[in-house]
Amino acid sequence: MWLKNIAFIALATVVLASTTNWLLAPPKVEAVDDPVVVVSDDFQASKEAIDAQFQEVWKSQELEPAPKADDLTIARRISLGLTGSIPSLEEIRLLENRPEEDRLEWWVNHLLEDRRYGDYMAERLSRAYVGTENGPFLIFRKRRFVTWLSDQLMANRPYNELTQDLIAESGLWTDHPAVNFITATVDQDGTKEPDVARLAGRVTRAFLATRIDCVQCHDDNLGGDLKQTDFHELASFFSEAQNSFVGIMDKKGKPYEYKYLYAEEETTVPAQVPFNQHLLEETGGTLRDRLAGWVTHPENKPFSRAIVNRVWAVMTGRPLVEPVDNIPLKGSFEKGNYPAGLDPLVDDFIAHNFDLKRLIRLIAATEAFQRDSRAEHEITAEHEKTWASYPVTRLRPEQIIGSINQASSLSTLNADSHVLTRLVTFGETNEFLKRYGDAGEDEFSMDGGTIPQRLLMMNGNLVSERTKNNFVRNAATRISQLSPNNETGVETAFLCVLTRRPSEKELEHFVHKLESDEVQSNRTQDFEDIYWALMNCTEFAWNH
């Protein structure tokens with residue numbers, strides 16, 4: 001019996017070793033059979049228009065831009081922005097086997113077809129649509145809503161159609177998941193009905209990137225021309241929406257009454273939009289249908305500016321216009337009201353039927369996105385502000401945990417992973433986020449890290465579990481036992497954790513440490529220490 005056990009263990013070790021050796025081996029420099037990604041002429045023209053605006057700003061401010069970052073650095077940015085984690089070693093090997101001329105375009109397309117993109121982008125967008133709270137019991141299904149939103153993103157449904165569903169959909173929150181945009185606000189004001197004021201605020205911030213809700217209680221006293229009536233006339237579009245046993249329905253003719261500041265009594269508020277009134281249909285459908293049509297109208301550019309600015313922020317960690325939900329209603333790049341890149345991105349987005357995947361491809365292809373965060377010359381705050389160098393930003397909590405989990409696995413963690421792996425990852429992610437903290441809806445704040453967060457990384461169970469001796473689960477152990485030499489092992493560890501190869505000095509330091517240990521059994525512990533050190537270095541926790 002013991003001979004059979006030994007034979008089985010030997011066979012399993014050979015299979016694992018052969019797989020791991022393929023991952024550890026340096027990539028072969030040869031073309032693969034996949035076709036080169038074709039870039040259309042109009043795509044290239046849009047990219048050049050965006051780049052030209054950034055170059056104009058750099059020239060006017062006499063800023064020398066940073067050089068282009070290397071492919072692995074850019075791939076890491078794209079992966080963090082679209083999936084919330086770093087690339088796996090498996091994906092790095094596939095990427096490096098692509099021809100250099102189409103490597104990054106292929107990488108973007110690869111991730112856009114991965115379910116991780118839909119799930120991660122849906123989670124990020126849902127924060128603006130329904131917030132981060134649990135919402136009303138039973139009638140609000142956050143997970144159902146996010147899953148539906150992920151499906152829409154994977155299918156690349158035009159963003160204007162998706163938004164119309166969010167604003168105007170009716171029915172049960174289970175059969176029609178889009179109505180959770182409405183049910184998330186039910187009973188927030190104690191009436192057991194949707195909160196029209198909160199819905200109006202969500203529409204203006206999430207879909208129009210304007211803060212009209214700031215005049216909910218009084219007129220704009222800071223020099224603006226918005227009035228308290230502007231907000232409540234917009235809120236009136238949701239007055240017909242009501243919660244019933246058949247879900248969210250619209251009761252025709254239901255009025256919205258409100259008592260304005262300094263008024264003696266309530267008055268019936270008509271449904272009217274605060275700007276671009278000529279784009280609002282006078283008749284047809286419910287009030288919410290008319291509002292949805294106005295919000296998503298191709299000529300209503302605040303709608304497109306809002307999502308362009310938000311997608312840029314999700315992909316880079318910093319929006320073009322800060323705050324992300326407060327873009328001036330009027331202006332242009334020429335007048336200095338809008339930053340470089342915003343207008344061409346918006347125009348291309350509208351011209352191509354509100355195509356989110358094309359928008360993402362376009363952003364990833366721009367010079368600003370592909371600039372290095374370092375240069376031989378001095379990098380100033382103006383360089384980062386104008387995107388002459390890539391701005392360094394802290395990773396979000398879910399990006400931290402996603403990167404820890406991925407770094408500890410040589411293969412890709414995605415929807416094809418074993419169900420037990422996904423369950424364990426899900427539970428550990430929730431526990432980590434609870435302890436690490438979350439910025440909630442204010443997800444693009446520039447706040448620095450905290451001491452408890454640093455201590456959690458250094459002393460917490462997660463990093464410890466992901467680096468300790470476990471051949472089946474942990475990359476550190478597999479690298480230590482299966483790498484052909486110390487140089488390959490150290491290089492592989494750097495690729496897994498930091499998505500780059502070590503410098504000559506770093507390689508020399510770690511190889512010297514490994515070779516100085518006389519007892520061979522300590523090699524596994526040494527690689528655990530290397531992994532722990534790399535996961536706790538500042539570079540790992542920042543997008544750069």
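These legends describe three close-up views of a predicted model.

**View 1. Strands S1 and S2 form an antiparallel pair.** Strand S1 covers residues 241-244, and strand S2 covers residues 247-250. Four bridges hold the pairing between S1 and S2. One residue to find here is Asn243, whose bridge partner in S2 is Ile248. The connection from S1 to S2 is a hairpin of two residues.

**View 2. The largest pocket has a volume of about 1,600 Å³.** Its lining is made up of 40 residues. Those nearest the centre of the pocket are Asp119, Arg143, Phe426, Thr429 and Asn430. Four elements each give two or more residues to this lining: helix H6 (115-130), helix H7 (142-154), helix H18 (397-407) and helix H19 (419-436). The biggest contribution comes from H19, which gives ten residues. Sorted by class, the lining of the largest pocket holds 17 polar, 13 charged and ten nonpolar residues.

**View 3. Four residues make a nonpolar patch on the surface.** The members of the patch are Ile451, Leu455, Met458 and Trp532. Together they have about 380 Å² of accessible area. Which helix gives the largest share of the nonpolar patch? Helix H20, residues 451-459, does so with three residues. Met458 is a patch member and has its place in helix H20.

Methods
Residues numbered from 1 in each chain as written. Predicted model: local features only at pLDDT ≥ 70, side-chain atom pairs only at ≥ 80, totals over all residues. Heavy atoms only, no water. Pairing = 2+ DSSP bridges. 1 Å grid on protein atoms, 1.4 Å probe; cavity = no way out; pocket = protein on both sides within 12 Å on 5 of 7 lines; lining within 4 Å. Points joined across faces, edges and corners; volume = space filled by probe spheres on them. Nonpolar A, V, L, I, M, F, W, Y, C, P; charged D, E, K, R; others polar. Patch = residues over 30% accessible without salt bridge, like charges linked within 9 Å, V, L, I, M, F, W, Y side chains within 5 Å. Areas by Shrake-Rupley, 256 points an atom, 1.4 Å probe, with all protein chains shown as cover. Salt bridge = Lys/Arg side-chain N within 4 Å of Asp/Glu carboxyl O.
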